[in-house]
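Here's a walk through a two-chain model, taken a piece at a time. Keep the viewer open and follow along.

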Amino acid sequence: MSPRVIVGKAREAGLDVIAVTDHNMTENTPYVKEAGERCGLVVLAGMELQTREEIHLIAVFDDYDSAYELQLMIYDLLPAVPNDVEFWGDQVVVDTQDTIVRSEDRLLISSAQISIEDATSWIKSHGGIAIPSHIDSPTFSIISQLGFIPADIPFDALEIRNPENAGAFMPFIMRKDLPFVTFSDAHYPGDIGKRRTVLTLGAPDCGNIEDALRFMGRQAGPPS
Amino acid sequence: MTVGELAGVLGLEVLTGDTNLDREVRSGYTSDLLSDVIANIGDDAVWITIQRHVNILGVAKLKDVPAIIIPRKLQLEEGFITKARQEDIAILRGSASAFELSGLIYNELKRG
């Protein structure tokens with residue numbers, strides 16, 4: 001997606017903060033960040049990584065360097081299987097002028113050989129936010145892959161597509177003070193802002209987001 | 001056939017000492033989706049999977065699985081083995097793939 005289009009759509013949708021979380025890749029972040037800076041949109045650096053259990057985990061960082069460090073680690077843990085462009089489409093990095101900077105040849109839909117625990121620990125020890133994606137999805141979700149969410153993994157929140165159904169998942173969540181959030185998981189410009197989470201932040205950075213999520217988890221308790 | 005006999009005849013590594021070595025094995029099930037195993041694994045069946053998260057032990061316990069068989073010499077964490085022993089589940093490991101292990105085990109069990 002074009003950074004200008006992403007930023008334009010996000011502003012149109014009234015969003016203040018977005019994160020770029022391509023699958024197992026973060027290199028598009030700097031260009032979207034640059035485009036965002038021109039119009040006051042905060043863009044966090046991130047990735048939706050796929051662990052060896054085939055769980056999708058969102059990692060978000062303030063700075064691109066940490067996200068890029070994660071990408072380097074993840075690349076080493078991905079199988080050396082080339083992308084089939086015909087079937088899966090391009091895996092490209094696009095700059096603010098909509099020029100393709102580079103194309104990634106390695107297939108990014110694969111799983112990285114890292115456990116959900118180790119991936120989450122890495123993210124947390126590098127100042128990031130760790131949130132398992134679409135826990136209500138029948139595929140690639142922590143519940144579809146592991147049956148339940150263990151209490152001892154230090155997630156910041158759980159992302160759910162349909163927050164109104166969160167109650168149905170409570171029996172499968174061992175830690176009861178984790179807040180639910182929902183994101184658009186936008187794969188196309190038209191999806192940007194379709195789902196969103198409202199947080200009150202002192203400043204739009206990971207530290208403040210982490211605090212706001214912790215507060216939200218304590219306040220809300222399990223949804224009924 | 002017992003878990004111990006199966007491990008012996010197929011040359012599988014036994015990672016949990018004498019846990020369940022005397023338990024009877026009547027069939028097997030190969031799957032990496034926990035919900036599928038819960039729904040479909042039979043009685044006294046060994047479970048062949050590449051999943052190595054500690055949560056699989058909960059499923060094995062629930063379905064009274066005598067042994068989990070890990071293919072391709074995949075690495076296991078120490079905590080996983082300790083927990084398996086606590087829960088009375090044998091962990092065996094082979095160098096062959098899940099496909100090959102399933103075939104070998106099938107043949108052994110059919111032979112009786």
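What follows is a short tour of chain B, a few spots in chain A, and the contact between them.

## Chain B at a glance

First, a reminder that this is a predicted model. Chain B has five helices and five strands, laid out along the sequence as α-β-β-α-β-α-β-α-β-α.

How does the radius of gyration of chain B sit with that of a compact globule? For 112 residues, the globule figure is near 13 Å, and chain B comes in at 12 Å, so the two agree. Its C-alpha trace spans about 35 × 30 × 25 Å along the principal axes. Of the 112 residues in chain B, 33% count as buried. Take the contacts in chain B with a sequence separation of 6 or more: 52% of them link residues 24 or more positions apart.

## The sheet in chain B

The five strands make an open sheet with mixed pairing, in the order 1-5-4-3-2. Strand 1 and strand 2 (27-30) of chain B are the edges, each pairing on one side only.

Further in, strand 3 (residues 45-48) and strand 4 of chain B run parallel and are joined by two bridges. Look across from B:W47 and you'll find B:I68 of strand 4. Both turn up again in the largest nonpolar core, which has 85 residues: B:W47 and B:I68 are among the members that touch the most others, along with A:A59, B:A67 and B:I69.

## Helix 1 of chain B

Which residues of helix 1 (residues 3-10) of chain B are buried? They are B:V3, B:L6 and B:A7. Because they cover an arc of only 100° around the axis, they end up on the same side of the helix. Their cover includes strand 1 (13-14), strand 4 (67-70), strand 5 (90-93) and helix 5 (98-111) of chain B. After helix 1 of chain B comes B:G11, with a positive phi near 65°.

## Two buried spots in chain A

A:I116 sits in helix 5 (residues 116-125) of chain A. With 25 other C-beta atoms within 10 Å, where 20 are enough to qualify, A:I116 is buried. Beyond its neighbours within four places in sequence, A:I116 contacts A:T51, A:E53, A:I55, A:L57, A:I142 and A:I153. A:C39 is another matter: 77 residues from A:I116 in sequence, and 36 Å away in space, C-alpha to C-alpha.

Then there's A:A59, one of the core members named above. Leaving out residues up to four places away, A:A59 touches A:G46, A:M47, A:L49, A:L70, A:I123, A:G128 and A:A130.

## Positive phi values

Most residues other than glycine have a negative phi. Two residues here are worth a look on that score.

A:F140 isn't a glycine, yet its phi is positive, about 55°. You'll find A:F140 in the loop between strand 6 (129-132) and helix 6 (142-146) of chain A. It counts as buried because 20 other C-beta atoms lie within 10 Å.

Over in chain B, B:N20 has a positive phi near 60°, again in a residue other than glycine. B:N20 belongs to the loop between strand 1 and strand 2 of chain B, and its 23 C-beta neighbours inside 10 Å make it buried.

## Where the chains meet

How many residues does each chain bring to the contact? Chain A gives six residues and chain B gives seven. On the chain A side, they divide into three nonpolar, two polar and one charged.

Notes: Residues numbered from 1 in each chain as written. Chains lettered and ligands numbered in written order. Predicted model: local features only at pLDDT ≥ 70, side-chain atom pairs only at ≥ 80, totals over all residues. Helix = DSSP H or I, 4+ residues; strand = E, 2+ residues; numbered from the N terminus. Rg over C-alpha atoms; globule rule 2.2 N^0.38 Å. Buried ≥ 20, exposed ≤ 12 C-beta atoms within 10 Å, placed from the backbone. Core = buried A, V, L, I, M, F, W, Y, C linked by C-beta atoms within 7 Å. Arc of directions from axis to C-beta. Nonpolar A, V, L, I, M, F, W, Y, C, P; charged D, E, K, R; others polar. Pairing = 2+ DSSP bridges.
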